[in-house]
Amino acid sequence: MRKRGIFMMAALMAAALMGGCGSPSSEDTDKALQDKKAVSEAAGDPSVVTDATGDYAGENNLAYTDYLPSEYVTLGNYKGLSVNKIKDITELSEEEKQSALDEYLEMNSTQQEITDRPAAEGDYVAVAYKESQDGKVMNDFTDEETEILLGEDYALFEDKLYGTSAGDKVTTKVSIDDEDGSGTVDIVYDIEVLRVYSYETPELNDAFAKETAGVDTAKELEEQIYQESMDSQNEINREQMREDLIVALTESSTVEGYPQSLYDQMYESTDAVYQMWSGMSLEEAFEGDEEAIKAEIITSVNSALIVEAVAETEGLIVTKEEVDNYKESILEDSGYESVESLEEDYSDQELASMLLSEKVGLLLEENANVTEVSEEEYENLTGVRDEYFDEEEETEDESDASDDSMELTQSELETLFEGSDVEAGSDTEGEEETE
């Protein structure tokens, strides 16, 4: 199975490298993305979410911790909210069909090690390496594997990998601009080549269809791939609608104060996201600006409190049975090999919170006044999608550092950073911690 990751490089990461900040290996980042997506998708599985109701603060509700959201939230009207939803697509263009097929075949491609010649342009090289400055090790990735595609200039030391073979060790020095741009610093890379390989893309034929999908013909597999592509896009649009409903609710609700336990939980999760994507902690990313960090976290806190307040009002709870079913659903599509490995990353309470958010989203959707619009109309009405993708395209043109694993939709990105980009309808300044 082909897995490609993100390799943070060049000037975009110079400050982080010089600051000694860790960055994730490509394999770890890609696995985290896939697992995060599997966790999110499983929350919407009809076999997981049930109609369980009861006392929000009761012992049967795993989503309840140590506070009642109603102590902090005055809800606006959450029934009858108006929202725009992109119409479901019922067919794909020829270009979209080809893209869906290419993606499916790429995801089912296999590594073929190259042992009869040294690495050349177009080959993949798996390396372990460490970075040093002035004799001091800044980052040590010698116990990890980073994948680099020769010819895409993702790695500062990429040119030194041409002509290498498995087992080779290379040391090179790279000069990069210092933090204030007034000069340069030298970064020394000690690199070990672990493997040189390519990816073999399978042929879409009847045998492949039977092996991978259990259908008799390639034509049947094609139709299945097209349908899954449409279902996926329609679900993304539906998730976007739910997010828009929560945004609308936050604008009419008021939050006063917050429980410290929720703040601490949001700080920890947001800090983990920052470190995964940039290699920098919140403290480093905001340069120690405590007020800015607090505002960032409270945005997520307020959003979570509003969702929980709806659940409390409606008596929506999450049972242990639902959480157990949720875990099994995650295992089917993620890189987790067992429930135990999943539980190392997610507590029952965290999973229950995700399920609770799904239930609230469904409730808002069921009671909303939905207007179906075209994708173009939605973009014109919101402006958010156009602004985001214009900026993304400009960044890709300037840096040429895009990667398959970063080609996420706006909805998927918001899911990854769930809760961090929704502004609650209250002023965060002067909020007191109240438990």
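Modeller: Before we start, a charge counts as sitting over a ring if NZ of Lys or CZ of Arg is within 6 Å of the ring centre and within 35 degrees of the ring normal. Also, keep in mind that this is a predicted model.

Colleague: OK, so which ring does K97 lie over, and at what distance from the ring centre?

Modeller: That would be Y226: K97 lies over its face, 5.3 Å from the ring centre.

Colleague: And ring on ring? How many aromatic pairs does a search of the whole structure find?

Modeller: The search turns up 12 aromatic pairs. Take Y104 and F208: their ring centres are 6.2 Å apart and the planes sit at 85 degrees, so that pair is edge-to-face.

Colleague: Where in the chain are Y104 and F208?

Modeller: In distant parts of it. Y104 belongs to helix α3 (residues 94-107) and F208 to helix α4 (residues 206-213), with the two positions 104 residues apart.

Colleague: Are Y104 and F208 buried or exposed?

Modeller: Both Y104 and F208 are buried. There's also an edge-to-face pair made by Y197 and Y199, at 5.9 Å centre to centre with 85 degrees between the planes.

Colleague: Why does Y199 count as buried?

Modeller: Because its relative accessibility is 13%, and buried means under 20%. Y197 is buried too, with a relative accessible area of 1%.

Colleague: Which residues do ring pairs link into a cluster?

Modeller: Y129, F141, F157 and Y189 are joined that way.

Colleague: Switching to helices. What does α8 look like, end to end?

Modeller: Helix α8 covers residues 290-314, which is 25 residues. From first C-alpha to last it reaches 36 Å, close to the 36 Å expected at 1.5 Å a residue.

Colleague: What caps the N-terminal end of α8?

Modeller: D289 does, with a side-chain oxygen 3.2 Å from the backbone nitrogen of E291.

Colleague: And what follows α8?

Modeller: G315 follows α8, and the phi of G315 is positive, near 70 degrees.

Colleague: Zooming out, how many helices and strands does the chain have?

Modeller: The secondary structure comes to 14 helices and 9 strands.

Colleague: What share of the chain is buried, and what about its accessible surface?

Modeller: Of the 435 residues, 45% are buried. The accessible surface comes to about 22,300 Å², and carbon and sulfur atoms account for 43% of that.

Colleague: Last one: what percentage of the contacts join residues at least 24 apart?

Modeller: Taking contacts between residues at least 6 apart in sequence, 78% join residues at least 24 apart.

Key:
Residues numbered from 1 in each chain as written. Predicted model: local features only at pLDDT ≥ 70, side-chain atom pairs only at ≥ 80, totals over all residues. Heavy atoms only, no water. Helix = DSSP H or I, 4+ residues; strand = E, 2+ residues; numbered from the N terminus. Expected span 1.5 Å × (residues − 1). Polar contact = N/O pair within 3.5 Å; in protein donor to acceptor, adjacent residues only side chain to side chain. Phe/Tyr/Trp six-rings, centres within 6.5 Å; stacked < 30°, edge-to-face > 60°. Buried < 20%, exposed > 50% of the residue type's maximum accessible area, 1.4 Å probe, protein only. Contact = heavy atoms within 4.5 Å. Areas by Shrake-Rupley, 256 points an atom, 1.4 Å probe, with all protein chains shown as cover.
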